[in-house]
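Student: I should like to learn how to read the symmetry and the DNA-facing surfaces of a model. Could you guide me through one example?

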There are 2 protein chains.
Amino acid sequence: MAGIEEVAKLAGVSTATVSRALSGRGHVSPAAKAKVEEAAARLGYVVSSNASSLASGRTRNIGVVIPFLNRWFFSSVLEGAQQSLLRSGYDLTLYNLSGDGRERASVFEHFLMRQRVDAVIAVSLELTEREVTRLHDLGKPLVGVGGPIPGVRTLTIDDVAVARLATEHLIGLDHSRIAHIGGDLEFDLDFHLPTNRRIGYEAALRDAGIEVDQRLFAPADFTIRGGYHAAKQLLGVPHDRPTAIFAASDEMAIGSILAARDLGLVVPRDVSIIGIDDHDLSDFFGLSTVAQFPRLQGEKAVEILMEQLEPGPDAAAPAATPLPYELRVRSSTARPVDPAR
Amino acid sequence: MAGIEEVAKLAGVSTATVSRALSGRGHVSPAAKAKVEEAAARLGYVVSSNASSLASGRTRNIGVVIPFLNRWFFSSVLEGAQQSLLRSGYDLTLYNLSGDGRERASVFEHFLMRQRVDAVIAVSLELTEREVTRLHDLGKPLVGVGGPIPGVRTLTIDDVAVARLATEHLIGLDHSRIAHIGGDLEFDLDFHLPTNRRIGYEAALRDAGIEVDQRLFAPADFTIRGGYHAAKQLLGVPHDRPTAIFAASDEMAIGSILAARDLGLVVPRDVSIIGIDDHDLSDFFGLSTVAQFPRLQGEKAVEILMEQLEPGPDAAAPAATPLPYELRVRSSTARPVDPAR
DNA sequence: GTGAAAGCGCTAACAT
DNA sequence: ATGTTAGCGCTTTCAC
């Protein structure tokens with residue numbers, strides 16, 4: 001392990017110049033810079049991040065706090081963030097809070113505070129005011145993804161608008177008995193997304209002059225299995241079966257497709273189904289959906305942090321770009337066979 | 001941010017004693033320990049990990065290098081490792097190599113070497129000899145999960161045995177035309193698992209006196225979609241349709257179930273299907289499978305590292321515990337209707 | 001633009 | 001069992 005001193009000696013400069021040349025801070029003559037870089041390369045020198053962090057107070061490490069790893073949305077966000085960070089020369093330290101509250105407390109008390117990270121990304125996690133305050137007091141930037149954190153810049157798609165778009169797609173096809181599978185109350189705790197999507201759905205119906213029928217709502221847990229059972233309830237009724245289902249997630253929508261098949265219904269002839277996400281599996285199932293782009297959300301979260309950590313020349317530009325979403329019509333939605341029914 | 005000195009003052013001891021009391025290294029009287037702990041708590045003191053790492057050479061941080069995040073096996077391993085590390089007071093730094101080779105080189109050259117981690121876990125990644133050597137030279141323990149790394153302790157289920165078990169389940173049911181969906185060659189590069197599973201399958205057949213028929217093999221990419229297409233090929237033949245399919249992964253098995261349905265076949269009446277994994281979705285689809293336990297594999301990898309990093313009293317105990325796997329019979333396998341066919 | 005030197009906050013000999 | 005103190009390897013004033 002070559003140290004900075006050896007590099008300095010080989011390059012014929014001081015350690016201070018080496019540090020400046022390699023980190024890019026402060027001015028170094030091109031000649032000196034070249035010499036240093038060559039020397040460093042020859043010796044296979046890599047700065048010790050600990051020594052560097054200790055001296056500078058910067059760690060080049062971002063903490064990502066996330067409740068699940070094994071779900072599409074979360075792993076996608078993580079992937080986006082990771083890749084983006086790697087490009088910026090940052091490490092990503094993962095804190096997966098799938099466990100109980102104890103784990104969460106421990107993460108905050110002992111890990112995030114240990115000066116290990118320069119900033120944190122909280123994914124679909126409603127931090128308490130106290131947690132936010134502590135982070136702020138430490139001067140650590142914080143950005144949320146997919147969950148509302150009071151007083152913190154958060155990246156979320158406009159759930160109301162997305163749900164409205166999905167519902168309007170169905171309405172535009174001439175559906176009027178449109179069921180909705182949304183989150184149950186428990187799910188609403190950490191992210192209000194189920195509520196917002198339901199609001200968008202109901203708003204679209206009202207705008208089209210369609211009455212909201214509570215019997216056309218079924219709660220589920222955002223999984224395929226949950227969607228399956230909810231859809232069976234919805235589609236199993238003997239009279240006035242809905243002609244379309246809008247599920248608040250693609251996994252639930254896929255469950256619905258499977259349920260319809262098991263009931264002998266043909267999608268989309270007998271029932272149209274649409275979800276939200278554009279999940280990995282959606283294309284395979286021919287599921288119409290409104291795509292959100294979680295990878296992008298992860299990348300964007302990093303971008304925002306980078307701007308705060310290393311303010312560039314063109315600062316404060318993308319202050320509040322709305323997150324993109326996009327209707328993707330595939331083969332699970334169509335005009336109802338008999339709109340009059 | 002209170003420092004160690006303030007804690008020492010408040011507790012009426014030296015900084016050395018504080019360090020010892022808080023880290024557990026070296027002997028400290030219970031009385032002193034209590035005083036220190038109280039003082040630390042009062043001041044909200046948390047050691048600066050950088051200063052500690054710099055002085056001690058230990059980072060309490062493990063690097064996990066992993067090729068995918070959005071696949072069941074990988075996210076499960078990661079989850080297990082994360083949880084286990086958190087319990088041991090370690091951080092997890094994630095290096096997701098989903099990108100190209102450049103990313104990989106960069107991770108090794110600039111990150112892992114930066115003395116940021118005490119050890120690394122490589123998941124389903126075949127490290128080069130050079131990479132392994134460098135890590136070893138740096139004194140960093142290394143353990144592999146799910147992929148063979150020459151000269152490195154690696155955790156993998158016995159793929160041959162697992163495949164054999166799955167196949168024997170089918171044979172025991174009286175199937176003899178048993179197809180296999182396995183990995184294509186490309187997949188074999190970084191983990192030889194497809195080959196091993198195929199070997200186990202063929203061995204089981206031979207042992208039962210059943211001839212291996214190359215036409216009953218179809219390659220796929222370990223996804224649901226891939227399994228679907230492969231199964232359609234296998235099941236779409238007009239004569240001598242296989243009565244059972246053994247897929248090398250549950251996702252491919254689920255794809256096969258879907259394919260069978262689309263062909264109008266009833267599972268398991270017309271065709272039995274079994275996979276490997278016990279994927280999240282398998283229970284929902286009633287898929288018989290051989291469970292492996294990736295979470296456990298992640299946890300075990302951590303255990304092994306901990307033993308090397310912090311040798312306990314009962315060292316070197318679980319040197320080579322074989323990894324568990326377990327046949328789970330659900331509703332996708334049954335006796336063929338007409339074994340004679 | 002560059003160098004000298006004082007820390008960053010802790011740990012580990014070594015001494016007692 | 002506890003205190004003293006010299007670093008760990010770098011960054012960053014401050015002078016030049």
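Tutor: The discussion below turns first to the two copies and then to the DNA strands. Please note that this is a predicted model.

Student: What turn and what shift lay chain B on chain A?

Tutor: In general, two copies of a chain are related by a rotation about an axis and a shift along it. Here, a turn of 180 degrees with a shift of 0.0 Å along the axis places chain B on chain A, with an RMSD of 0.1 Å. The two copies are therefore related as by a two-fold rotation axis. The same surface serves both copies, as 97% of the contact residues of chain B recur in chain A.

Student: Which residues come nearest to DNA strand C?

Tutor: A residue is near a strand if its C-beta atom, placed from the backbone, lies within 6 Å of it. Around DNA strand C there are 26 residues, of which A:Ala16, A:His27, B:Ile4, B:Ser19 and B:Ala55 come nearest. The largest share of this surface, five residues, is supplied by α4(B). By class, the surface near DNA strand C has twelve nonpolar, 13 polar and one charged residues.

Student: Which elements each supply at least two residues of the surface near DNA strand D?

Tutor: They are α2 and α4 of chain A, together with α2, α3 (30–43) and α4 of chain B. Of the 28 residues around DNA strand D, A:Ile4, A:Ala16, A:Ser19, A:Ala55 and B:His27 come nearest. By class, this surface has 13 nonpolar, 13 polar and two charged residues.

Key:
Residues numbered from 1 in each chain as written. Chains lettered and ligands numbered in written order. Predicted model: local features only at pLDDT ≥ 70, side-chain atom pairs only at ≥ 80, totals over all residues. Least-squares fit on C-alpha atoms with pLDDT ≥ 70 in both. Contact = placed C-beta atoms within 7 Å. Helix = DSSP H or I, 4+ residues; strand = E, 2+ residues; numbered from the N terminus. Nonpolar A, V, L, I, M, F, W, Y, C, P; charged D, E, K, R; others polar.
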